[in-house]
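Here is a report on a predicted model. Please look over the sequence and the structure before reading on.

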Number of protein chains: 2
Amino acid sequence: MKKVYLIGTGLIGGSILKDLRVHYPQAIFYGIDHNDAHVEKAKQNGIIDEVAQFQELKNADLVIISIPVDATLKVLPQVLDLVNEHALIIDVGSTKEAICKSVENHKNRRQFLAAHPIAGTEFSGPDAAISNLFVKKTLIICEVEKTTFKLQELANELFEKLEMRVRYMTPAAHDKHIAYVSHLSHISSFMLGKTVIQEEENERDIFDLAGSGFESTVRLAKSSPAMWTPIFAQNKENVLASLDGYIENLSRFRESVKNNDHQSIFQDMEETNRIKTILKGIENGK
Amino acid sequence: MKKVYLIGTGLIGGSILKDLRVHYPQAIFYGIDHNDAHVEKAKQNGIIDEVAQFQELKNADLVIISIPVDATLKVLPQVLDLVNEHALIIDVGSTKEAICKSVENHKNRRQFLAAHPIAGTEFSGPDAAISNLFVKKTLIICEVEKTTFKLQELANELFEKLEMRVRYMTPAAHDKHIAYVSHLSHISSFMLGKTVIQEEENERDIFDLAGSGFESTVRLAKSSPAMWTPIFAQNKENVLASLDGYIENLSRFRESVKNNDHQSIFQDMEETNRIKTILKGIENGK
């Protein structure tokens with residue numbers, strides 16, 4: 001593996017390259033980004049060796065696509081058109097169904113691997129890239145059987161070096177599950193932030209009362225709208241279903257508060273305390 | 001200050017005593033708790049010197065009440081009945097209006113100070129008590145003018161030693177603001193946990209996909225139902241108002257997703273990104 005091209009020099013792509021550079025010191029790392037400031041910054045930060053152009057992808061041994069998922073739908077088929085026959089193309093977007101569908105009949109489909117690393121922070125851009133972001137984190141791979149054995153092998157080697165826990169799923173199962181554990185969390189956090197900001201417009205100094213609990217619950221509301229808008233759009237049906245469940249639970253809780261049904265309030269919270277054991281299980285499993 | 005009595009040997013009360021012991025090495029610290037295991041544990045952990053009984057409060061120089069807010073409504077007037085005339089009584093509950101109201105006509109009202117430290121974790125009980133929990137955290141004091149000058153002075157000395165940032169508010173303003181920045185955060189987190197657990201009952205392995213984003217947003221769902229049920233009950237009207245605002249924002253967001261109104265989705269998130277600056281302001285201010 002001599003030439004690695006990263007399309008999208010942001011948090012996720014930048015963090016992947018930071019780690020790959022350690023394990024593949026002989027490789028040359030190229031960056032492609034429609035945002036000139038980002039790709040220049042990535043070079044300054046030592047994430048990439050050189051700024052590259054799209055046409056150069058024909059020289060690639062590995063292409064990593066780490067851009068908003070609506071852009072991936074357009075860019076991925078173009079990348080598959082361009083690359084030479086031994087190259088591996090990996091996309092790391094947060095949705096998988098539409099992306100897999102976009103290349104299902106492409107003649108070079110077998111060079112593509114659909115992946116989603118469950119890792120990140122609320123920050124974005126090349127300055128947000130950090131080393132060892134993926135250690136012990138889950139990586140979902142979809143439709144692995146559609147990728148050639150040889151390129152599966154190369155991908156496994158890469159993810160092993162990043163120390164990720166690999167799990168295999170269908171794109172449909174991925175998009176459904178991730179709507180609950182990731183997309184809904186972001187919406188709940190954004191809308192919490194919005195509700196409190198609205199109240200603050202009427203009431204001064206409200207944020208002086210915010211503690212670490214609010215900070216933790218609202219953390220994801222710092223996330224990038226450019227990245228998250230297309231995710232919600234592409235995963236529309238699952239996001240709507242998760243939101244329906246959430247709004248229904250909130251409305252029922254509201255009814256219990258309104259009706260002074262303290263037993264229901266208590267029980268709801270006590271049953272949800274089970275999240276402690278579940279989260280501990282995740283930590284221990286990792 | 002020779003004799004300090006703590007009623008309720010949990011996270012908050014225990015953490016206060018851990019710090020006070022450092023600053024008042026000559027004082028003796030007593031613990032009162034209807035939970036025998038908790039008060040024994042607090043003694044084992046060195047949080048208190050002795051287990052005490054309610055009647056002994058007549059010997060107190062300082063009484064700290066740190067129990068669920070429904071219990072405070074009953075216990076606080078009884079404590080004011082019992083104490084000697086120089087004692088300071090502080091309650092640290094998360095609601096202030098009903099508690100202040102419960103003693104507004106008590107003959108010893110001027111020995112009471114209503115306070116709320118905006119600090120804590122999602123854990124509870126004496127084992128959850130930690131040192132330096134309150135450093136640079138906000139402390140809300142309500143109706144300060146109803147406490148005698150001398151006892152205001154003692155309270156200020158205590159909070160200064162804990163290194164807290166003191167703010168003064170009316171009980172009504174406190175309860176309204178805190179509904180948004182604290183109580184609503186807890187409900188949003190509990191209901192997120194509930195929604196995901198419900199989905200997991202149908203779909204196995206969903207939690208294998210949970211990352212740090214979900215963990216952060218759902219953290220408060222580990223909180224104690226025994227503590228939180230009476231808080232929501234006592235702050236009913238403000239909690240309902242905050243929930244109404246939250247559910248309305250979620251429903252509007254849902255409509256935008258449903259109608260493919262990507263511009264509204266983007267704008268909603270971009271405007272809420274303002275939370276970054278606000279939270280940074282809080283950190284810098286502290």
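## The contact between the chains

How many residues of chain B are in contact with chain A? The answer is 90, and they meet 90 residues of chain A. The model is predicted, so the contact is a computed one.

The size of an interface is often given as the accessible area lost when the parts come together. Chain B and chain A bury about 8600 Å² between them. Of this area, 66% is on carbon and sulfur atoms. Within chain B, the most area is lost to chain A by Val181(B), Leu209(B) and Met269(B). Together these three account for 8% of what the chain B side buries.

## Polar links across the chains

Eight salt bridges are counted between chain B and chain A. In one salt bridge, the side chain of Lys176(A) meets that of Glu199(B), with 3.7 Å from N to O. The count of residue pairs in polar contact between the two chains is 26, both residues being at pLDDT 80 or more.

Which elements of chain B supply at least two residues each to the side that touches chain A? Two strands do so: β7 (138–142) and β8 (165–169). The helices are α6 (171–202), α7 (212–217), α8 (225–234), α9 (236–258), α10 (262–272) and α11 (275–285). Helix α6(B) gives the most, with 23 residues. By class, the side of chain B that touches chain A has 41 nonpolar, 25 polar and 24 charged residues.

## Symmetry of the pair

How are the two copies related? A turn of 180° with a shift of 0.0 Å along the axis lays chain B on chain A. The RMSD is 0.0 Å. The two copies are thus related as by a two-fold rotation axis.

Thr217(B) comes closest to that axis among the residues of chain B, with its C-alpha at 2.2 Å. The same surface serves both copies. Of the contact residues of chain B, 100% recur in chain A.

## Two domains in chain A

The domain assignment of chain A gives domain 1 (3–170) and domain 2 (174–285). Their C-alpha centres lie 30 Å apart. The contact between them takes 19 residues from domain 1 and 16 residues from domain 2.

The two domains of chain A bury about 1400 Å² between them, 59% of it on carbon and sulfur atoms. In domain 1, Ser94(A), Thr95(A) and Glu122(A) lose the most area to domain 2. Together they make up 39% of what the domain 1 side buries.

## Polar links between the domains

Two salt bridges are counted between domain 1 and domain 2 of chain A. Glu122(A), one of the residues that lose the most area, forms a salt bridge with Arg219(A). Their closest N and O atoms are 2.7 Å apart. Seven residue pairs are in polar contact across this interface, both residues being at pLDDT 80 or more.

On the side of domain 1 that touches domain 2, α3 (69–82), α4 (97–102), β7 (138–142) and β8 (165–169) of chain A each supply at least two residues. The residues of that side divide into nine nonpolar, five polar and five charged.

## The ends of one helix

What lies at the start of helix α2 (residues 36–44) of chain A? There, a side-chain oxygen of Asn35(A) reaches to within 3.0 Å of the backbone nitrogen of Ala37(A). After α2(A) comes Gly46(A), with a positive phi near 75°.

Note on methods. Residues numbered from 1 in each chain as written. Chains lettered and ligands numbered in written order. Predicted model: local features only at pLDDT ≥ 70, side-chain atom pairs only at ≥ 80, totals over all residues. Heavy atoms only, no water. Contact = heavy atoms within 4.5 Å. Buried area = accessible area lost by both parts, 1.4 Å probe. Salt bridge = Lys/Arg side-chain N within 4 Å of Asp/Glu carboxyl O. Polar contact = N/O pair within 3.5 Å; in protein donor to acceptor, adjacent residues only side chain to side chain. Helix = DSSP H or I, 4+ residues; strand = E, 2+ residues; numbered from the N terminus. Nonpolar A, V, L, I, M, F, W, Y, C, P; charged D, E, K, R; others polar. Least-squares fit on C-alpha atoms with pLDDT ≥ 70 in both. Domains from an automatic or database assignment.
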